Amino acid sequence: PVVIVTAQGNERIASEAIHRGVADYVKKTEAFWDQLPSVLDRVTRLANSEEGLRRLEAFFERAHLGAAVCGQDGVIERVNLAFARMHGVQIDDLIGQPWASLCAPAWRPRLDATLQQVDVQGGLRFEAEHLRRDGTVFPVLVDATSVQEGSGRPLSRALYLQDITVPTTAMQRSERRALSSV
């Protein structure tokens, strides 16, 4: 992080410097040396926070699990590539779509009650059925978290999905082998 220190205060220069990425602009006054430690502390905390957000962003984007953020209104705000691929679409195809549109028709009647449970409990892990673009229904394991403000009012939901088609098929094969050996 960069902090500009000047003897002359100029709002235009300060505004331009901050616009170009300077963390802070400090006018050198008699109180400068007293203010400097708190300015540097704040700038360092901000830089660390921004780095943490970049790491979280990278985790979200690169996760092998499908990841999505849904608004409280049930509209998809953000998804990662794994989530889009799981549904057979591009990321942009999902943004702004209702979450219910991804659920298999037979599963949709349970959606509202399940999401209400997520908000009340703060999180919930459950199995659901989703739709691919081609209309294929597939089972998913959903780990949903309610993102809430300090008062507890739900703001959005973070959802991680795992396509459990393959594990289900492997389990079925194992059960068939076990039954055929009897």
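**Cut-offs and conclusions**

Tutor: Let's start with contacts (heavy atoms within 4.5 Å): among those in the protein between residues at least 6 apart in sequence, 35% join residues at least 24 apart. This is a predicted model, in which local features need pLDDT of at least 70 and side-chain atom pairs count only at pLDDT 80 or more, while totals for chains, interfaces and linings use all residues. Residues are numbered from 1 along each chain as its sequence is written, and side-chain values use heavy atoms, with hydrogens and water left out.

Student: Why is Cys70 called buried?

Tutor: Its relative accessible area is 2%, and buried means under 20%, exposed over 50% and partly exposed in between, with a 1.4 Å probe and protein chains only. Cys70 therefore counts as buried. Cys103, at 1%, is buried by that rule too.

Student: Why do Cys70 and Cys103 not form a disulfide?

Tutor: A disulfide is a pair of cysteine sulfur atoms within 2.5 Å. The sulfur of Cys70 has its closest cysteine sulfur in Cys103, 9.3 Å away, so the two are too far apart for a bond. Looking from Cys103, the closest cysteine sulfur is that of Cys70. A search of the whole structure finds 0 disulfides.

Student: What makes Gln90 exposed and Ser156 buried?

Tutor: Gln90 has a relative accessible area of 55%, which puts it in the exposed class. Ser156 has 12%, so it is buried. Gln90 sits in the loop between helix 3 (81-86) and helix 4 (91-94), and its C-alpha atom is 9.6 Å from that of Asn80, 10 residues away along the chain. Ser156 belongs to strand 7. Leaving aside residues up to four places away in sequence, Ser156 touches Val69, Cys70, Gly71, Gln72, Thr145, Ser146 and Val147. Over the 182 residues of the protein, 30% count as buried.

Student: How do you know how many helices and strands there are?

Tutor: They are DSSP runs numbered from the N terminus, with H or I over at least four residues for a helix and E over at least two for a strand. That gives 6 helices and 7 strands, in the order β-α-β-α-β-β-α-α-α-β-β-β-α along the sequence.

Student: What makes one space a cavity and another a pocket?

Tutor: On a 1 Å grid over the protein atoms alone, a cavity is a set of points where a 1.4 Å probe fits but cannot get out, whereas a pocket is an open set with protein on both sides within 12 Å along at least five of seven lines; lining residues have an atom within 4 Å of a point. The structure holds 1 cavity of 30 Å³ or more. The largest pocket has about 190 Å³ of space, with residues including Leu53, Phe60, Arg78 and Tyr160 in its lining. Helix 2 gives that lining the most, 5 residues.

Student: How many residues of each class line the largest pocket and the largest cavity?

Tutor: Ala, Val, Leu, Ile, Met, Phe, Trp, Tyr, Cys and Pro count as nonpolar, Asp, Glu, Lys and Arg as charged, and the others, Gly among them, as polar. The pocket lining then has 9 nonpolar, no polar and 2 charged residues. The lining of the largest cavity has 9 nonpolar, 1 polar and no charged residues. Cys103 is one of the cavity's lining residues, as are Trp99 and His130.

Note on methods:
Points joined across faces, edges and corners; volume = space filled by probe spheres on them.
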